[in-house]
Amino acid sequence: MNETIKTILTRRSTRSYKEDQLPDSDLELLINAAIHAPTGGNSQSWKFTVVQSKEKLWELNRLVRESFANLIVDENTYRSKRTGKIAAQQEAYNFYYHAPTLIIVSNDRAYSNAMADCSVAMENILLAATSLGLASCWINQLTWFCDDVNMRKALTDCGIPENYIVCGAVALGYSASNNDSLVPRKKPDVNIIR
Ligand SMILES: Cc1cc2nc3c(=O)[nH]c(=O)nc-3n(C[C@H](O)[C@H](O)[C@H](O)COP(=O)(O)O)c2cc1C
């Protein structure tokens, strides 16, 4: 099996991180991998905001907890939002799992391929991270809450333009767990027409 396929098949989400920061040279490679993803019409309108400041990460965590507290849910609400709302009531809740780096990926809200472009960039980050021996996890809370008033102020402070939505974020660092298991895949629904 070639190295690229091996990397794809061994990537997994990590939800427990060591404090150690990743080297700047790795960060540079991750961003370079991200921007080599395809974009609709070669738009490249994405923005990558790398947050490594503990204070800023804590502030975002506080605001995520605030947003969850204000979120009204019912039985039709997306399950992760319902479970997140309960989890966020705990003082120990941390939406980025204490990872030392969080890359927030945002794009122009008026651009119809905003989410698609950012998603392919994020997958490149996840795969590049795996190939470098780094742990990672896709993080969605800032996507849900980026337009909440206080969260938006914090994002503006981070340099994210008002007309940009958060399409996703990636937690990055070194795994603090030795049992990040591979999640089994369901049998895919594939229909080959020959
Ligand atoms: C759009 C999207 C949103 C996700 N949001 C979160 C999240 O907020 N927190 C989290 O821990 N994992 C999140 N994940 C990771 C999934 O839970 C994970 O990919 C899935 O359980 C399969 O596990 P694996 O990544 O280890 O293969 C997200 C993944 C995607 C693609």
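The exercises below, each with a worked solution, concern the ligand and the pockets of a predicted model.

**Exercise 1.** Identify which residues surround the ligand, and work out how they divide by class.

*Solution.* Begin with the shell itself, which consists of Arg 11, Arg 12, Ser 13, Arg 15, Tyr 97, Cys 137, Trp 138, Ile 139, Asn 140, Gln 141, Val 183 and Arg 185. Next, sort these residues by class, which gives five nonpolar, three polar and four charged residues. Finally, ask which element gives the most to this shell: the answer is strand 3, spanning residues 135-139, with three residues.

**Exercise 2.** Find the distances at which the side chains of Arg 11, Gln 141 and Arg 185 approach oxygen atoms of the ligand, and state how much of the ligand's area the protein covers.

*Solution.* Take the side chains in order of residue number. A polar atom in the side chain of Arg 11 is 2.9 Å from a ligand oxygen. In the side chain of Gln 141, an N or O atom lies 3.2 Å from an oxygen atom of the ligand. For Arg 185, the distance between a polar side-chain atom and an oxygen of the ligand is 2.9 Å. Turning to the area, the ligand on its own has 620 Å² of accessible surface, and the protein covers 66% of this.

**Exercise 3.** Determine which pocket the ligand takes up, and describe the lining of that pocket.

*Solution.* The ligand occupies the space of the largest pocket, which holds about 430 Å³. Its lining is made up of 19 residues, and those nearest the centre are Ser 80, Tyr 97, Trp 138, Gln 141 and Trp 144. Sorted by class, the lining of this pocket contains ten nonpolar, seven polar and two charged residues. As for the elements, helix 4 (79-87), strand 3 and helix 6 (141-145) each contribute at least two lining residues, and helix 4 gives the most, with five.

**Exercise 4.** Describe the second largest pocket by its volume, its lining residues and their classes.

*Solution.* The volume comes first, at about 270 Å³. The residues that line this second largest pocket are Ile 8, Leu 9, Arg 11, Arg 12, Ser 13, Glu 123, Leu 127, Ser 181, Leu 182, Val 183, Pro 184 and Arg 185. Two or more residues of this lining come from helix 1 (3-10), and likewise from helix 5 (114-131). The class count completes the description, with six nonpolar, two polar and four charged residues in the lining of the second largest pocket.

Key. Residues numbered from 1 in each chain as written. Predicted model: local features only at pLDDT ≥ 70, side-chain atom pairs only at ≥ 80, totals over all residues. Heavy atoms only, no water. Near = heavy atom within 4 Å. Polar contact = N/O pair within 3.5 Å; in protein donor to acceptor, adjacent residues only side chain to side chain. Areas by Shrake-Rupley, 256 points an atom, 1.4 Å probe, with all protein chains shown as cover. 1 Å grid on protein atoms, 1.4 Å probe; cavity = no way out; pocket = protein on both sides within 12 Å on 5 of 7 lines; lining within 4 Å. Sits in = over half its atoms within 2 Å of the grid points. Helix = DSSP H or I, 4+ residues; strand = E, 2+ residues; numbered from the N terminus. Nonpolar A, V, L, I, M, F, W, Y, C, P; charged D, E, K, R; others polar. Points joined across faces, edges and corners; volume = space filled by probe spheres on them.
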